[in-house]
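Q: I'd like a close look at the aromatic rings in this one, and then at whatever else deserves a stop along the chain. Keep it informal, and give me the cut-offs as you go.

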Amino acid sequence: MTAVHVPGTPVIEGDRLVSTSPATGAEAGRFPVATPEDVARAVERARAAGEWWAGLGFTGRRERLLRWRGLLARRIEELAELVHVEGGKPVADAIVEILTAIEHIDWAARNARRVLGPRRVRSRLILAEFSGHLEYQPYGVVGVIGPWNYPVFTPIGSTAYALAAGNAVVFKPSEYTPAVGQWLVDAFAEVVPEQPVLTAVHGLGDVGAALCRSGVGKLAFTGSTATAKKVMAACAESLTPVLLEAGGKDAMIVDADADLDAAAEACVWGALTNAGQTCIGIERVYAVEPVYDAFVDKVVARAGRLTVGAEGADIGPITMPSQLDVIRRHIDDAVAAGGRAVLGGPGAVQPPYVHPTVLVDVPETSAAVREETFGPTLTISRVSDADEAVRRANALSYGLGGSVFGRKRAVAIARRLRSGMASVNSALTFAGMSTLPFGGVGDSGFGRIHGEDGLREFGRAKSITRRRARSLLPSMTFERTPADVARLVKAAKVMYGRR
């Protein structure tokens, strides 16, 4: 069908998905919409390609993944421009996103053998005559459903690790950023032309649902909590394991001994980068009484200097036009409930843009505090001490990331946050550190990408035992004698019976 075209909203024209810029309405690309049969065929082709890919071994895969990394690095400006055109993200932010993704490809390629390769595991007394062996075998085909807000970094966080583990990948990019997704797939095909190891299927939510039901070995999803639940339900029909990175409502805590200039700088970046369209973005701040007023002033001063617009600005358009209504509702609700806009406010929503908005005195029951906003807005609340800040930060069902600024107690406070990740005296930095796992708890999902845990997510643990000697304490056999059982009892008391 042909619909009235709101810039940035994906449209199906005939059998093509049409992607446009949310800022200008310029067409970014059009791509064939996959039918359920197309998805099934893509997975079957990937299954055969995956056997070839796994057969290359860690060395062969590493060499090819590093070639892909090199291609992305050489064409970083080209890809950043496409990210800017299709999603509206400022080019500088897109370059930072791509650079972080390149780092993750590099780390996954270089560390897959060490983390996933076969190794000996020590046995214990009862089965001392056996040796243990552990390895991680690929699932075969991994389905990846990516988001639009970080269309390079986020899907590569699953895709590169799945590929390094020996899987083929069928990737369903967001319908808001299909051109970026296809660019990544085409770039990979340049360095791995032999087999369709990484392929893309395009379309709306029904294509993602078809991928969930297609027989992939595992499904990795990034998106909203509501959609994550639908993905999990679809995958449950076939007991397909899932990795879910869902929404967030991350908090920053500013303690009394914090460096306020550094805290304000990190807060403005963590809250407003990518126009606030960041799952790990800072949406709430709890600053203790002694530093609250000074901190608010510093945040307002920094955020007030940011520019908004299509070209060369600090903050670009809202990528998903329907999100403008959510942002407007949260601001209006906060003000109606007694909150004050010390920067921006209800008039900040000027489609397709939203100007930075800082809200104070907002009740904890308001939508601006409790629901994911996904826009360049921020609530800052006054608390009596760090304990109250932790209680408020942990009060929501989300648990993705968080940030703490302070000196003496900052790390201890970070440990108390109910979240999968936290940054101390910085914001969002855990996302860029390829050696650390990334993921959440509660309504923010489960499973991990990045780091060693991220590699293990894409391999099945395979345990093997091998007899290496005669059993001195035979236990797992009907040939054991009463004397053997008596020796087992004696051994158990000697080894484990001490208090």
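Which residues form one aromatic cluster?

A: That would be Trp52, Trp53, Trp68 and Phe188. Before going further, a word on what you're looking at: this is a predicted model, where local features need pLDDT of at least 70 and side-chain atom pairs count only at pLDDT 80 or more, while totals for chains, interfaces and linings use all residues. Residues are numbered from 1 along each chain as its sequence is written, and side-chain values use heavy atoms, with hydrogens and water left out.

Back to the rings. There are eight aromatic pairs in the structure (Phe, Tyr or six-membered Trp rings with centres within 6.5 Å; planes under 30 degrees apart are stacked, over 60 edge-to-face, the rest tilted). Take Tyr150 and Phe153: their ring centres are 6.5 Å apart and the planes sit at 75 degrees, so this pair counts as edge-to-face. Tyr150 and Phe153 are both buried (under 20% relative accessible area with a 1.4 Å probe and protein chains only; over 50% is exposed, and in between is partly exposed).

Tyr150 has another partner, and this one carries a charge: Lys89 lies over the face of the Tyr150 ring, 3.9 Å from the ring centre (NZ of Lys or CZ of Arg within 6 Å of the centre and within 35 degrees of the ring normal). Elsewhere, Arg61 puts its charged end over the ring of Phe58, at 4.8 Å from the centre.

Phenylalanines also turn up around Glu245, which UniProt, in an unreviewed entry, marks as "active site" (same numbering as here, shortened feature names, and possibly inferred rather than shown by experiment). Glu245 belongs to strand 10 (residues 242–245); strands are DSSP E runs of at least two residues and helices are H or I runs of at least four, numbered from the N terminus. With a relative accessible area of 5%, Glu245 counts as buried. Setting aside neighbours within four places in sequence, Glu245 has contacts that include Phe221 and Phe438, along with Thr154, Thr222, Gly223 and Cys279 (heavy atoms within 4.5 Å). Leu400 and Ser444 are on that contact list too.

Phe221 leads on to the largest pocket, with a volume of about 810 Å³. Among its 36 lining residues, Phe221, Thr222, Gly223, Ser224 and Thr227 are the closest to the centre. Helix 7 (205–212), strand 9 (218–222) and helix 8 (225–236) each give two or more residues to this lining, and helix 8 has the largest share, with six. (A pocket is an open set of 1 Å grid points with protein on both sides within 12 Å along at least five of seven lines, and lining residues have an atom within 4 Å of a point; volume is the space filled by probe spheres on the points.)

Now for some backbone oddities. Leu239, in the loop between helix 8 and strand 10, has a positive phi of about 55 degrees without being a glycine. At 75% relative accessibility, Leu239 is exposed. Phe374 also has a positive phi, near 60 degrees, and isn't a glycine either. Phe374 sits in the loop between helix 12 (367–370) and strand 17 (377–383), but is buried at 12% relative accessible area.

Last stop: the peptide bond from Pro351 to Pro352 is cis, with omega near 5 degrees. Pro352 falls in the loop between strand 14 (349–350) and strand 15 (353–354).

Terms used: 1 Å grid on protein atoms, 1.4 Å probe; cavity = no way out; pocket = protein on both sides within 12 Å on 5 of 7 lines; lining within 4 Å.
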